[in-house]
Amino acid sequence: MTDKELRLQKKSFKKRNPLQKKETLAAWSFCALPLLFLFIFLITPFIVAFIISFTDQRLISNPNLPTQFIALRNFLRLFNSSSFHQALWNNIYFVLVVVPLQTFLALLLAVLVNQKLRFINLFRTIYFSPVVTTMVVVAIVWYFLYNPGEGLINQFLNFISFGKLGPYNWLNDTSLVMPAIMLLSIWQGVGFQMIIYLAGLQNIPDELYEAGRVDGANIWQQFWHITVPQLRNTTIFVIISTTILAFKLFTQVWVMTRGGPQGASKTIIVLLYEEGFSMLRVGYASAIGVLFFLIVLCVSLLQRVYLKEERAVL
Amino acid sequence: MMAKNKNMIRNKKTASLRTQKTVSVIFNYLILIILAVFFLFPVVFMFVSSIKNNETQIIRDMSNIKAFVPYGEIGLKNYFDVFQQMPFGRFMFNSFFIVSSTVLAGLVLNSMIAYALARIRFKGRAFIISLIIALIIIPAEAVVIPLLLMVNQIGWLDSYQVQIIPFIVDAFSIFLFYQFFIGLPISLDEAAKIDGASPFQIYRRIIIPLSKPVFATVAILQFLFRWGDFLWPLMVTRGYEYRPLTVAIQQFFSQDPKVWGDIFAFASMVTIPSLVIFLIFQKWFVRSVASSGIKG
């Protein structure tokens, strides 16, 4: 290597270094503010939640009663509390019914609106429209529809069963209140998953169906042996995200029943709101929040496991 | 003779295939229409009831098909009632102000960090990316209680900032931007760099113009989530000054005696803005929702 070449190389090194420094500086200046926000409003409260779940912290602290470390007492109390059991069970009940039903209905709707028919866009718009209707409004309108005696839903059931069914006291009946809330939740949410499935359907190559037809597969066989397996990833995503949403159940319950009657529609988040906000027991409510997070975390990890398994199979 | 026979059979076959097809199309439309009725009836019921001036008529009609027929005393009396009874305009302004500032500020900040992570190589980049992906899992519900404790201590209760600032930066939005930016060809940046453009200029003049779809996606998804927000504003607003529509209508609804005409007028006015925005940007809505899924 000649001197000249060496000098040139050094020069370019020097030239590149400040440039890289400048880029790094720019990158950090782009990241600084968003990271600061995430740190203050997400990471800090998340850590604080864990810390105060081991204390008897209250929202408005009493100067005569300093906050104390009480170890696992909040969690022990939760595990022994019948209202927590009830709330957890209601969430699980909601998941067990809504997740399969809504996923299946979403797939059915997606297949229906994926056909090449006139006005199909209109139907897509109509099925999606409840998603843009605010949940509080949805809950209020359905509250009226569920009216005990004369409500439209009672009258409809009465009509199609020739007077054998109803009238039911939907929102005041401990065994009917959850099904009632499930129905309106599916009504409001299914359009979202329909669109996700629709995108999945449109990604399936036409050749697969053509090959199926050549092999003499009928519509149902094509559906079960081509559509369903091809939508496996989409289905896992839909199931997991619907499950997480189901654990977050709050708005419709709070508007319609506030968790009643007798806690029959109480959910984890309703309990968290009551304890943390109404009763001001922030420590105890944070313990609920921590458990809620752990549930969501487990569900999310399940998604990763399933997606990995599929990769292994392929 | 033989050939003629064969032809006839073939004709019969195609004819029966054709009728089979027509039957299946009719059957399809029947199902589509029944489902459309199922998805439309509550909203139609709400709008129709909101323009019936007579409260007893609304109650009388609620049990039969007349609930969907605008007849009798039709007018906007219920709407005027709502405006007279409460500062409805204030609630509407609050909701619009809170949602639009959260979404707009979010578009800037979330896309900026995503740009740095996707297009600039620097130390710490990999760590920040995995941090953000990990943060997506934390649901807002899990942190509302300590967040309430924090904002209470700094005196933010009953304000706009308490409903805006904590929600501007959103890990999922950053992730959506990141995924889109990483797919753009790197040669664009390189060419601009040779021309002496700074990272900010590249972001401003090259990345943003090419990324309209992802900006639309994030804006729409954030609009949907923020417009329907209920738990947090329920906790942090006391008076009407900073109360958004969702909390306002829930409190109006929980007052007794319930005047249903007014409640439906209020509910209609909450629904109309988001419905209109949806109808205008329909295609974008569908695309946004679709892209929120596949890669998730």
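The paragraphs below walk through a predicted model of two chains, A and B, beginning with confidence and ending with local details of the backbone.

Because this is a predicted model, a sensible place to begin is how confident the predictor is in each part. For the complex, the predictor gives an ipTM of 0.89 and a pTM of 0.88. Chain A has a mean pLDDT of 87, with 92% of its residues at 70 or more, while chain B averages 89, with 94% of the residues scoring at least 70. Confidence also varies along each chain: in chain A it is lowest in helix α1, residues 3-52, with a mean of 80, and highest in helix α11, residues 251-256, at 96. In chain B the lowest confidence falls in helix α15, residues 282-293, where the mean is 80, and the highest in helix α7, residues 161-164, at 96.

Turning to the fold, the reader will find 13 helices and zero strands in chain A, and a walk along its sequence therefore gives the pattern α-α-α-α-α-α-α-α-α-α-α-α-α. The radius of gyration of chain A is 27 Å, well over the 20 Å that the globule rule gives for 314 residues, so chain A is more spread out than a compact globule. Along the principal axes, the C-alpha trace of chain A spans about 100 × 80 × 35 Å. Chain B, for its part, has 15 helices and zero strands. Its radius of gyration is 27 Å, whereas a compact globule of 296 residues would have one near 19 Å. Taken along the principal axes, the C-alpha atoms of chain B fill a box of roughly 80 × 75 × 35 Å.

The two chains meet in a contact that takes 69 residues from chain A and 71 residues from chain B. On the side of chain B that touches chain A, helix α1 of chain B, residues 2-50, gives the most, with eleven residues. Sorted by class, that side of chain B has 55 nonpolar, 14 polar and two charged residues.

Within chain B, helix α4, residues 88-119, is a useful one to follow, and its packing against helix α8, residues 171-182, comes at an angle of about 45°, with the axes 8 Å apart. An angle under 35 degrees would count as roughly parallel, and one from 65 to 115 as roughly perpendicular; α4(B) and α8(B) are therefore oblique to each other. The crossing in which α4(B) passes α8(B) is right-handed. Among the residues that meet here are G106(B), N110(B), I113(B) and R119(B) from α4(B), and S173(B), F177(B) and F181(B) from α8(B). By class, this contact of α4(B) with α8(B) has ten nonpolar, four polar and one charged residues.

Helix α4 of chain B also packs against helix α11, residues 212-227 of chain B, at an angle of about 145°, and here the axes are 10 Å apart. The crossing of α4(B) and α11(B) is right-handed. From α4(B) the contributing residues include S95(B), V99(B), V103(B) and L107(B), and they belong to a contact with residues of α11(B) including F215(B), V218(B), F223(B) and W227(B). The residues of this contact of α4(B) with α11(B) divide into eight nonpolar, five polar and one charged. Two residues of α4(B), G106(B) and N110(B), appear in the contact with α8(B) and are listed in the contact with α11(B) as well.

Finally, two details of the backbone lie in loops between helices. In chain B, the peptide bond from D256(B) to P257(B) is cis, with omega near -5°, and P257(B) lies in the loop between α13, residues 245-253, and α14, residues 260-280. In chain A, Q262(A) has a positive phi of about 50° although it is not a glycine, and Q262(A) is found in the loop between α11 and α12, the latter being residues 268-278 of chain A.

How values were computed:
Residues numbered from 1 in each chain as written. Chains lettered and ligands numbered in written order. Predicted model: local features only at pLDDT ≥ 70, side-chain atom pairs only at ≥ 80, totals over all residues. Contact = placed C-beta atoms within 7 Å. Helix = DSSP H or I, 4+ residues; strand = E, 2+ residues; numbered from the N terminus. Nonpolar A, V, L, I, M, F, W, Y, C, P; charged D, E, K, R; others polar. pLDDT = per-residue confidence, 0-100. Axes fitted to C-alpha atoms, helices over the stretch in contact; angles between N-to-C directions. Parallel < 35°, antiparallel > 145°, perpendicular 65-115°, else oblique. Left-handed = near helix turned anticlockwise from the far one by under 90°. Rg over C-alpha atoms; globule rule 2.2 N^0.38 Å.
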